[in-house]
Structure formats: C-alpha cells, structure tokens
Amino acid sequence: MKYYSTNRKAPLATLEEAVKRGLAPDRGLYMPERIVRLPEEFFRDMGEMDFHEIAFAAASAFFGEDIPSGDLKDIVCDTLNFDTPVVNIHDNIWALELYHGPTLAFKDVGGRFMARMLSYFVRQEKTDRKTTVIVATSGDTGSAVANGFLGVEGIDVIVLYPSGKVSEIQEKQFTTLGQNITALEVDGNFDDCQRLVKSAFMDEDLGRTMTLTSANSINVARFLPQAFYYFNAYAQLKRAGHDSNIVFCVPSGNFGNITAGLFAWRMGLPVRRFIAANNRNDVFLEYLKTGEYTPRASVRTIANAMDVGDPSNFARILDLYGNSATLIRQDIAGCRYTDEEIGRTISSLYDKYGYLADPHGACGYQGLTDLLSDGETGIFLETAHPAKFKDTVEKIIGKPVEIPERLKDFMKKEKKSIKMTNRFEDFKEYLESRR
C-alpha cells in the first residue's frame with residue numbers, strides 16, 4: 001500500500017516512510033491510496049468475534065500488505081490489552097467508553113498502536129540512530145503517547161503542551177515519567193504547539209541531522225487504528241439487537257477521531273451518519289454553514305482537548321470528499337456548546353441517569369439529544385475518564401469524583417518539564433542541542 005499527500009505535491013510513500021515522517025514533505029497529511037472494503041460476511045459474523053479478532057481484520061485491511069500477519073497480530077493484541085465497552089444510557093442512546101486503557105483516554109488505542117508499529121520498523125532498520133517522536137497535546141494525546149512509548153528502545157519522545165491549559169492530572173501523566181520522555185511546557189496555546197511540531201518536520205537542517213516523526217493524529221499509524229473501536233461498538237450493538245440506523249456523535253478537536261470513523265464507514269461499517277460535536281472552537285460547524293474554512297486562534301474551554309482552532313485532520317476530510325462542502329454536509333452534521341451548556345449536560349446526565357460524563361463526552365451526548373432523528377440509534381464517544389477533569393466535574397455535580405488508582409499513582413509523582421517559548425527558533429535550538 002502506498003500513501004499520498006493531501007497536498008498532492010510529494011512522492012508516494014511506503015507505510016514505513018509515512019509513519020516515520022509523520023508529515024509529507026509538501027506539508028500535507030498522508031492518506032492510503034485506497035480504502036479496502038471488508039467483506040459482507042465480516043459484518044455478518046462480527047457479533048461472534050472478540051475485539052482482537054475485529055481489530056486484526058481492520059488492521060489487515062490497512063497494513064496487511066506491509067507487515068507480516070504474525071507481527072501485525074502481535075501489535076494489535078499488545079495494543080488492545082483493554083476493552084472499549086458500549087453502555088446504554090437511556091432509550092436509544094449509548095456511550096462508547098474509551099477510557100479503560102492505561103491513561104484512561106481514547107488516545108491509548110492510537111498511541112499504543114503507533115508506538116508498537118514504529119518500534120517494529122526501528123527494529124527492522126537495525127540502526128544506532130535514535131528516532132525522536134515529537135507530539136503536541138491539548139490534554140490526553142501527550143499522556144497516551146508518552147506512556148505508549150515509555151521505555152521503548154531507540155525512541156525518544158518530546159511532548160509539547162500549552163502552559164496552564166491542561167488539567168493537573170493530564171499534565172502529571174506525561175511530566176512525571178522520565179526515562180525517554182521529555183515534556184516541554186510552551187508559552188502559548190495548542191495551535192502554537194502544533195505549529196512548532198509541523199515546522200520541525202519541514203526544517204531542512206533538522207531533517208538532515210535527526211530522525212523526526214510525530215505521534216499526533218497527523219500520523220497514519222495514530223489515527224487509522226482508532227477505526228478499531230468503531231467496529232467494536234457496532235459488534236456490541238449487534239449482539240444487543242440495536243445495530244440499525246447507527247449515528248456516531250464524536251467530540252471533535254483535531255478531527256482525527258471522526259476521520260477514523262469515516263474510514264471505518266467507507267470500509268463497509270453499517271453507519272447512517274456522523275455528528276461532529278464542538279465546544280466554542282467551532283470552525284468546522286462554521287464550515288458546514290458557510291462552505292468556507294476559516295481557522296482562527298483557539299479559545300480555552302472546560303473541554304480542553306477540543307480547544308483547536310485549526311484542526312489538522314480537516315485536510316483529510318476535505319480529501320475524502322473531494323473538497324465538496326455539499327457532500328460533507330450529507331454525511332456529517334455539526335453542533336457547538338458553551339461551557340455553561342456542557343456543565344448543564346454533565347449535571348443532567350448525572351442527576352437523571354446516574355451517568356458521569358467528562359466534558360468532551362457531554363458534548364457528544366448533547367449532540368445526540370439535539371440532532372438524533374426518530375428510528376436512529378445514537379452512540380456518543382466518551383473519550384476520557386471524568387476524574388481527569390476532577391475539579392471541573394466536581395464543581396458541576398457538587399460531589400467528589402472518585403479517582404482511579406492509576407491516576408492516583410501519577411498524582412504522587414513530581415512534575416518535571418522544560419519551559420519553552422512559542423518561537424520556532426528556540427524550539428529548533430533545543431532539538432539541535434539533543435543531537
């Protein structure tokens with residue numbers, strides 16, 4: 001399988017090249033040259049398959065031409081040492097809980113998978129030169145990637161995050177690890193962090209002297225595996241007899257998550273449509289309304305992982321739909337919620353149904369409540385454990401939020417980060433000092 005750039009000005013790349021580069025030389029995002037449609041019998045039999053079997057079938061469609069079956073199965077099974085259960089909230093609305101992994105966030109799937117795939121390629125290469133993974137985070141990406149790569153031989157990880165704009169628990173999950181993980185606390189917002197990462201890939205000096213790659217959802221090995229849990233959700237609803245007219249509502253920041261769902265759909269997953277739920281950073285909703293994409297500076301909200309004003313994966317959505325806003329509108333609806341509205345949703349969900357959602361999942365639930373039609377079954381993605389937003393959620397529900405033991409362990413450790421400006425010159429100088 002070859003991979004092309006969304007900007008169409010770079011040579012085709014192999015899977016290994018696409019994973020190691022992260023971003024194409026023309027600053028575009030890599031896309032597989034074709035999307036393999038899975039056979040009808042796969043969807044017919046999914047209800048009798050476990051998560052590993054389902055994910056391996058999907059992974060084989062993406063990566064089976066480039067990685068031997070046994071090695072790919074090992075990567076899948078080692079990645080998915082946890083489940084992604086679907087829980088009925090009420091009536092025809094279900095939550096896909098994606099916080100049962102090591103860092104209690106949906107990015108554990110993509111982060112762990114990419115770490116294992118990149119490690120596989122590094123071992124095949126048999127070189128002494130280290131690979132440096134640089135990743136920007138607005139919250140959960142940093143912890144998932146850092147923990148996924150922790151201790152992996154031959155790979156260093158640098159996490160860039162906006163100072164003061166992630167929760168304390170999120171911050172502790174990637175600033176306390178040490179070993180091959182370094183955290184850079186950037187004076188700016190998430191978009192600044194993302195810009196620094198992209199600029200590093202495009203810098204010729206760094207390219208000649210360092211092996212750089214990214215673990216953000218711009219990397220095909222990070223976002224494509226997120227399709228696994230869409231298939232797994234469908235299989236669970238199939239077993240429950242609720243697999244008709246499914247609508248996924250996805251809390252959307254950098255849009256890698258919903259893009260993975262669109263890939264699953266094009267692989268044959270029986271889905272009716274998608275809803276992209278935004279917080280106040282609603283550039284995608286504005287695009288749906290106007291047909292014009294106008295990125296802008298992000299604003300801070302209580303759903304901080306969605307505080308993105310220029311989502312990278314929007315380029316992939318445009319590519320999938322031939323830059324047609326009309327076609328995108330047919331498959332994806334949009335909605336936006338203020339902090340006050342998110343708070344009311346968290347409170348209502350908890351009071352009425354005893355379900356505690358995090359701020360991002362609350363956006364997804366409210367999107368279904370507002371936009372689901374008669375006869376449709378809605379699944380919203382609950383992307384992180386509510387304890388990761390303990391202070392925010394406790395103020396809303398007026399009760400303490402129980403912290404899982406895994407998070408308590410992180411909170412006991414000492415934060416270690418390096419202060420960094422949002423100037424690329426300073427970031428480049430730091431990277432050069434590590435060679």
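Helix α16 covers residues 339-353. At 1.5 Å a residue, its 15 residues should span 21 Å, and its end C-alpha atoms are 21 Å apart, so expectation and model agree. The model is predicted. Also covered here are an open sheet of 5 strands and two residues, Arg27 and Asp91, that have a positive phi without being glycines.

**Helix α16**

- The buried residues of α16 are Ile342, Gly343, Thr345, Ile346 and Leu349.
- Seen down the axis of α16, these buried residues fall within an arc of 160 degrees, so they line one face of the helix.
- An α-helix has 3.6 residues a turn, so residues three or four places apart point the same way.
- The face turned away from the buried side of α16 carries exposed residues: Glu340, Arg344, Asp351 and Lys352.
- Several elements help cover the buried residues of α16, including β3 (86-90), α17 (359-371) and α18 (390-397).
- Gly354 comes just after α16 and takes a positive phi of about 70 degrees.

**The open sheet**

- The strand order is β8-β5-β6-β7-β13, and the pairing is parallel.
- β8 (211-214) and β13 (418-420) are the edge strands; each pairs on one side only.
- On average, neighbouring strands of this sheet are turned by 30 degrees against each other, direction ignored.
- Inside this order, β6 (residues 155-162) and β7 (residues 181-186) pair in the parallel sense over 6 bridges.
- Leu160 stands opposite Leu184 in β7.

**Positive phi outside glycine**

- Most residues other than glycine have a negative phi.
- Arg27 is not a glycine, yet has a positive phi of about 70 degrees.
- Arg27 lies in the loop between α1 (15-21) and β2 (30-32).
- Arg27 counts as partly exposed because its relative accessibility is 43%, and partly exposed residues fall between the 20% and 50% cut-offs.
- Asp91 is not a glycine either, and has a positive phi of about 50 degrees.
- Asp91 is in the loop between β3 and β4 (93-97).
- Asp91 has a relative accessible area of 64%, so it is exposed; the cut-off for exposed is over 50%.

Note on methods: Residues numbered from 1 in each chain as written. Predicted model: local features only at pLDDT ≥ 70, side-chain atom pairs only at ≥ 80, totals over all residues. Heavy atoms only, no water. Pairing = 2+ DSSP bridges. Helix = DSSP H or I, 4+ residues; strand = E, 2+ residues; numbered from the N terminus. Axes fitted to C-alpha atoms, helices over the stretch in contact; angles between N-to-C directions. Expected span 1.5 Å × (residues − 1). Buried < 20%, exposed > 50% of the residue type's maximum accessible area, 1.4 Å probe, protein only. Arc of directions from axis to C-beta. Contact = heavy atoms within 4.5 Å.
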